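Subject: A structure for you to look at

Dear colleague,

I am handing over the structure that I mentioned, and I would be glad if you could open it and keep it beside you while you read the notes underneath.

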There are 4 protein chains.
Amino acid sequence: MLIACPSQRSEKLAERVESFIRDVVVPYERDPRNGPHGPSAQLVAELRQLASRDGLMTPHILPNGEHLSQAETAAVLERSGLSPLGPVAVNTMAPDEGNMFLLGKVATPEQKELYLQKLVSGAARSAFFMTEPAEEDGAGSDPSMLKTRARLDGGQWVIDGTKTFITGADGASVGIIMALTDDSVAAKATMFLVDLPHPAVVIERVLDTIDSSMPGGHSRVAIRGLRLPPSAVLGEVHAGFHYAQVRLAPARLSHCMRWLGSATRAHEIAVGYATKRRAFGKPLIDHEGVGFMLADNLIDLKQSALMIEWCAGVLDSGSRANVESSMTKVAVSEALYRVADRCVQVMGGSGVSKDSIVEQVFREIRAFRIYDGPTEVHKWSLAKKMKKVASEGDYRVGK
Amino acid sequence: MLIACPSQRSEKLAERVESFIRDVVVPYERDPRNGPHGPSAQLVAELRQLASRDGLMTPHILPNGEHLSQAETAAVLERSGLSPLGPVAVNTMAPDEGNMFLLGKVATPEQKELYLQKLVSGAARSAFFMTEPAEEDGAGSDPSMLKTRARLDGGQWVIDGTKTFITGADGASVGIIMALTDDSVAAKATMFLVDLPHPAVVIERVLDTIDSSMPGGHSRVAIRGLRLPPSAVLGEVHAGFHYAQVRLAPARLSHCMRWLGSATRAHEIAVGYATKRRAFGKPLIDHEGVGFMLADNLIDLKQSALMIEWCAGVLDSGSRANVESSMTKVAVSEALYRVADRCVQVMGGSGVSKDSIVEQVFREIRAFRIYDGPTEVHKWSLAKKMKKVASEGDYRVGK
Amino acid sequence: MLIACPSQRSEKLAERVESFIRDVVVPYERDPRNGPHGPSAQLVAELRQLASRDGLMTPHILPNGEHLSQAETAAVLERSGLSPLGPVAVNTMAPDEGNMFLLGKVATPEQKELYLQKLVSGAARSAFFMTEPAEEDGAGSDPSMLKTRARLDGGQWVIDGTKTFITGADGASVGIIMALTDDSVAAKATMFLVDLPHPAVVIERVLDTIDSSMPGGHSRVAIRGLRLPPSAVLGEVHAGFHYAQVRLAPARLSHCMRWLGSATRAHEIAVGYATKRRAFGKPLIDHEGVGFMLADNLIDLKQSALMIEWCAGVLDSGSRANVESSMTKVAVSEALYRVADRCVQVMGGSGVSKDSIVEQVFREIRAFRIYDGPTEVHKWSLAKKMKKVASEGDYRVGK
Amino acid sequence: MLIACPSQRSEKLAERVESFIRDVVVPYERDPRNGPHGPSAQLVAELRQLASRDGLMTPHILPNGEHLSQAETAAVLERSGLSPLGPVAVNTMAPDEGNMFLLGKVATPEQKELYLQKLVSGAARSAFFMTEPAEEDGAGSDPSMLKTRARLDGGQWVIDGTKTFITGADGASVGIIMALTDDSVAAKATMFLVDLPHPAVVIERVLDTIDSSMPGGHSRVAIRGLRLPPSAVLGEVHAGFHYAQVRLAPARLSHCMRWLGSATRAHEIAVGYATKRRAFGKPLIDHEGVGFMLADNLIDLKQSALMIEWCAGVLDSGSRANVESSMTKVAVSEALYRVADRCVQVMGGSGVSKDSIVEQVFREIRAFRIYDGPTEVHKWSLAKKMKKVASEGDYRVGK
C-alpha cells in the first residue's frame, strides 16, 4: 500500500485491516444487498459482526478512547478503502468518522456516553445535518447562506429548516444539526444532538445519486418545529462555525484516505486485466496507449499518498491545516478521478460494466470531486489566501 | 441547435423532431419505467405511439424508403438526442439505426420485407451480434479475433459462439449475427439474419453497465447450434467484414449526432442552473470558475458539430470515410465527455443527483468513449494511416 | 492543406502561394538575417521582391482593390503561414493585414492614396498603436483603461501617451494611433494616421520576447506632444472604439489562419521525423506514445480549420462575429499550441533545437495564446454573453 | 521554500544559499553577458568568485569531501535554483553536479586529484559525452544504440564517434566519454576521462536551443581517433552502463530540485504581478481565471517537492531508485511545466517578454520535459516494470 505506517501500532492495524478487507469484505462486493443507496442495513450488520469478531471495529479509535494520530489514521483508513464496502464494515466511513472525531473533541461526558459510545462500537450510525438545498438558496459550499434556524422558546430550542444531501440520515440513530442561532452582523450557529428517527425530522426523500456506497444514501430532510432541551447543544452555543472548522480538515482528509484505497484497488484490477487480455497481437499492457495510462496511475496514486501524509503531519503538528487540506482535497480527488477514469478506459467494455468494482469506484470518485467542497471552491479559497499573504508584500511560497 | 440543416426538408424535419422531443418526450424522463437497462418495453411502445401519431417515426428514412443524406441525417438525429429517450421514441437509436441502414444497402427484397419494414415502422427492435467476450479472447475492438463460427451442414448453416455487449438483444425481434465462415489465411466472415427470440440464441444475462438509455440493455448471449437456411445470409457469403465496414462509419457518426444533442441539453440545464443559483454573493455564472467552464462547453459543442458536419459531407461524397469517422468519433466523444463532466461540476450536488438528466448524460457519454471503438483504438489506426502515407515520402496533411 | 477553397480564384491563389512558400521562402528560414526581432529589413525586402516577381504580393487583395471574402482569405492566408517567413514575404502578416483591412473600410480616398497604396504594394510596413503598459495600468486586454489622450489645441490634435507591444513599429512607415478624445461618462476614442518615423513618436526600446517572426519586433513607444492636423483623423472623430471592433474579428481570425499553416508545417516535420528515426527497435511512429500524439495533432489541426471556416462564413454573412471569433481564437490558439508542443516532444532533442522551425513555431504559438486577447479574456466575454442570453429566459445553444 | 531541511546543517546551508541567490545572484539576471548559450565564461567566473567569497561554492559537498545526503541535497539545490544563474554560481548545475557525484563514487585517488578537485573548487567545468545524433541512429534515449567505439591499439584506447547535445562541452576542462568496448551479444561500454580542450575532440557546433541557462550551451562533437592511456579509464573497463546507472537517478533528481526552485521563483513573480496589476475593475488575482491558475501552481509545486523528498529518501536508503526517479522525473517536469506555462499566461504580454525571468524559466522547463529522458521513455519503462511485477501474479501497488 502507498501510505507509510509511522508507528508499529499503526503498521499492525493497517496490515490486519488490509487482510480483513481483501479476504473477508471483498467477496461481499457482489452481494445483491448492495443497492443504489448503499449496502442494506442487514448487510451492514453482517459485515460489522465480522469486523467485531476480528477486533477491527473502528480501528482508528483505540479501546481506551484514544484516537490514532492523523498520520497513523491515514495508513489504516487507506487500507479500509480497498473495498467500497470496507469503510462501512470497519466503521471508518463518512460521516460517522468525522462525527466521532468531533464528539471526541467537543461532547460532554454525558453526550459521549449517550452518543459516542454506540457509534464507536459500530452499533449505530449517525448523520451530519449541514448542507441546504441550492434551489432555496441554502448553504451549499457557502456556509454564510445557512437558513436553518434555532430559536429559544420557553427554555427549549425550536429548530426549523430544510437540509439536503444528508448522508446516512436514513437509518441513523444520531444526528448533529447545524442551525443559525444569531443572525446579527456576524452570523453565529450552534450544533445540536438529536436522537433519530424523530417525528420532527422528516426524510422527504432519499436522493438518487451517481454514487452508491454510503448506507442510507443521501437524503433531503425537513426539520419542522424540532424541540430540543439545552442539553442537546453540542459544546457551546454559538460555536457551531468553530466546531465545523474543527471537524472540517480531518473529515476532508479522511475522504482522501479512503478513496486512495479504492482507486488503488481499481488500479490493481486494471493492471491484472491489461496483463491478461490481448489485442492486436499482444497483451494490452504492451500497448503504450495502455501502459502509459497505467504509468500515469502509478504517479497519481503516489502523489496522492504523499499529499495525504503531508497534510496529516500538518494536522498532527496542531495546525488547523485549512490551506493544506484544501490543497490536498483538490489534488487527491482530481488525481484519483483520473486514475479511476483510466482504469475504466483500460478495461474497455469490462470497465463500464458492473462486473468489477472499477465502474463503481469511478462513480464514487466523480462525486468526491464535489462532496466536501467542489474543487472550484477550494481553489477560490486558496487564491484568497495567496492574495492575503501577498498583500503583506511577500510573494514567497512555503516560507 | 448546432448542426446546420442543409436542405429545406431536413430543416422542417429537424424542427418538428426538436419540438416533439422538448414538448412530448422530455416529460417522460422521470417516468419510473426508466430502469437500469433502459426504458421498459411498455414505455418504449407508449413513446413510439406518440411519435407515430405525429408522423415522426424513423424520420431519417422517408416514406418512400429513401434515406436522408448523412448531412441531413445529422441535423435530425442531433435533435432526437436532446433527450436520452428521444432516439428510442423516434427510432433513431443504436443499433437499429445502423441495422436499418445496412439492410437498406445489402438485404434482398424478401429480407427487406421480412425485417426492414417492421424496423422502420418502429414495430420491432433489432440487435447486432458482433462483439465477443474479452475474457475468452474474443473479438472486442480487434475484429481479427472473431471466434464465433458458422459451418455448412447438410445445406444449412450451423452457428456457435458467444457474444457480449449485444445492445438491445433482450426484446429484439431481429438479429444480425457475424460469424467466421472461412479461416484460411485471410479470415472471412458472413452476416446472418435471425428471427428473435430463438431457442438457440440464449441471453445468458443482461449486463449491468454505467449507461442506462438503451432499451434491453447490453446482453451476453450464447449461440449454440443455431441452424439457419441459406436464405438467412445477409447479402453475400464471406462478405461480412466488408458489410461491417459499410455499416461502420455511418453508425459511428450517428452516435456522435445523438450524443451531441444530449450534451447540448445538459449544457442548457447547466447554464440555467448557473444563472439562477447564487454562491458567495453572486450568480454562479458570474464566477469565472463556472463561466469559463460554460465557455469551454460552448466551444466543445460547436467543434463537435463542425466535425460531424464535415464527416457527413465526406460520407455523402461517396467515400468510406474510415479516417474521417475515426477522427470524428475520437474528437466528439472526448469533447462531449468534457462537456458533460463540466455540467456535473457546475451543478455541484445537483449534478451528481438524478434530479436532472445531467447525471445520466454524463454516464452515457462515459460509455461512448469506449463503445464503437475506444479512443485508443482509433488513434492507433490513425497513426498507422499516417505512417502509410508518410512512407510514400509525403508528410503533407490534408492534401 | 486543411482549409477548403470556396472559389476557383481562391483555389488558384492558394496553390500558387503554397508553392511559393514551400519552394522559395522555406530555404530562407535558416538565413542568418533572421534575428530575435524577426527578419531584417534587408531580408524582408529580398523576400518581397521575389513575391512581387511572382505576382503574389498581398494576394488577398486583388489588383482592383477588391478584398477576397473571409472564406477565400482563410485558404490563402493558411498557405502563407506554412513558413514563419511566409506572411512577411507575401504581405499577409499582422498588423499590416488588419491595418489594410481597416483602411480599406474607413479611410478617405486621400488617406488610401497616401497610406493604403504603399502598404498593399509591399513597399511599406505599418503599426497599430493600441496596447498600453500594464505597469502603468494602461489598456491591455481591457480597452476601457485607455490612457493615451488626444486634445485639440489651435485646430490641431496633440497626442500624449505610452504604448507597448507595438508590433512592427520599428521600421514602419505608417502608424495608426488610438487615443482617448472624450472621457465623459462613456469614454470615446479616435484613430489617427501618422507618417513614421516621427520625432514625437519615440521607440523607447524593442522588447525581447519569446516570439521572433515579426519584422521590427514589438516596441515600447512614447508619444510626446505629437501634433497632427484634422486630416490625420482616420474616419470619424470619436469612432475609434467602433473601428477597433471593425478591425477586431477579422484580424483575430487572420492570426488563426496563418498559425494553422505554421502548425501544419511543424506537424509535417514531426511526422517525417517519426517515420525515419528509430528507437527501441522500431520507427518512432510505431510507438503508440508517439503515434497517438500525431493522431491528436491530426484532429486538432482539422478542428482548427473547421472553426476558421465557420467563423469566416459568419463574417462573410455580414455579422460582426464577436462571439464566433472569440470562440475561434480560443479554440484555435489552444489547439495549435497543443500541436506545436507535441511536435517538440515527438522530436525530442531535435524538437528543442533550432535546427528545424518546430522550435520557433512552438514559441510563436505560445505567444499567440496571449496576443489578440488571452484565452481567459475571451472566455470571460463568452460567459458574459451566455449570461445575457440566459437572463432572457432562454438557455438554448445555437438557436 | 517547499523542500524540508532534514538536518541542521542542511537548514543552515539552505538558508545561506537562498539569501545568496536572492540578494547577490538575482541582480545579475539582466546582465548582458547572459546569451543564448548561457552566461559567458567571464560572468560565470565573476559569480563564482562571489560564491567562493561567501563560502558557498559547491555547497552540497562538504570541505572534507563528504557529500550531503540526497534529502539534504534536495533542500540546498532547490534554493540554488531560485535563479537560472544560481546553479552556475554555486556549482550545483548539470552536468557538473552529476559528474562530481560519479567521480566521487568511482574515480581512483589520482583521478580525483586530477579532475574532481578542480571541479569541486569551481575552477573548472566538465562535460558528459553520452548522447548521440538521432539522424545517425545513435544513442538518444535508447542506450543500446550506442555507436561511439573505443578499441585497444598498442596498449592505448582509440575512440571514434559523434556525440550531440553535450552540455557545457564548449569551455569544459574535463570530459567523461562513454564508448562501446565490447559489442558481443550483451554490449558493454566503458567511461573515459579526458582533459579538454583536446585536438581529437572537435566541437562541430554549439546548438541553438530553446533553453539558455547552461554555460557553453549544448554541442555537437566529433571524436576522431582520440588516443587515451589505460589510466584514462574511469573505474573498470566494461562497467560503463553500470556507472551510467549509478549517475542516472541522482542526476535526474537534481534536475528536479533545481527546476523546482526556478518554477517557485516564477510563481512568486506571477503572484506579485497578479496582486498589483488590475483589469476589468479589480486586481488580476481576484479574477478566478487567474486565481485558480495560481492555486493550481501551489498544488503542483507542493506535489513536486513531496515527490523529490520521497525519491531522495529512497536513494538515501541505498536503493538504485530507478522506478522512483522515473516517476519523479515525469511528475516533476510535467508539473513544473504547467506551473511555468500558467505564470506566463497570468502575466500576459509581460509573461512572453524577457523583462522577467518567467519567460526563460518557461523555455528551460520545456526542454526539461525532454532532457534526461523524455516523459514518454520513462512511462514506457514504468509500464514494463508493472508488467514484470504483474506477471508474477501480483498486481498490488506499493507493497
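Below are some notes on how the chains meet and how some helices pack.

Please keep in mind that this is a predicted model, in which local features need pLDDT of at least 70 and side-chain atom pairs count only at pLDDT 80 or more, while totals for chains, interfaces and linings use all residues. Residues are numbered from 1 along each chain as its sequence is written, and chains are lettered from A and ligands numbered from 1 in the order in which they are written.

**Chains C and B**

The contact between these two takes 37 residues from chain C and 37 residues from chain B, where two residues are in contact if their C-beta atoms, placed from the backbone, lie within 7 Å. On the side of chain C that touches chain B, at least two residues each come from helices H7 (240–276), H8 (288–316), H9 (322–347) and H12 (375–391) of chain C; helices here are DSSP runs (H or I, at least four residues), numbered from the N terminus. The largest share of that side, 13 residues, is supplied by H8(C). By class, the side of chain C that touches chain B holds 23 nonpolar, 8 polar and 6 charged residues, with Ala, Val, Leu, Ile, Met, Phe, Trp, Tyr, Cys and Pro counted as nonpolar, Asp, Glu, Lys and Arg as charged, and the others, Gly among them, as polar.

Chain C is superposed on chain B by a rotation of 180° with 0.0 Å of shift along its axis, at an RMSD of 0.0 Å, a fit made by least squares on the C-alpha atoms of residues with pLDDT of at least 70 in both. That is the relation of a two-fold axis, and 100% of the contact residues of chain C recur in chain B.

**Chains A and D**

Here 37 residues of chain A are in contact with 37 residues of chain D, and the largest share of the side of chain A that touches chain D, 13 residues, comes from H8(A).

**Two helix pairs**

Helix H8 of chain B and helix H8 of chain D pack at an angle of about 100°, with their axes 8 Å apart (axes are lines fitted to C-alpha atoms, for helices over the stretch in contact, and angles run from 0 to 180 degrees between N-to-C directions). These two helices are therefore roughly perpendicular to each other, a term that covers 65 to 115 degrees. Their contact is made by B:Glu288, B:Gly289 and B:Phe292 together with D:Glu288, D:Gly289 and D:Phe292.

Within chain C, helix H1 (residues 8–25) and helix H3 (residues 70–80) pack at about 10°, with their axes 8 Å apart, which makes H1(C) roughly parallel to H3(C) (angles under 35 degrees).

With best wishes

How values were computed: Angles under 35 degrees count as roughly parallel, over 145 as roughly antiparallel, 65 to 115 as roughly perpendicular and the rest as oblique.
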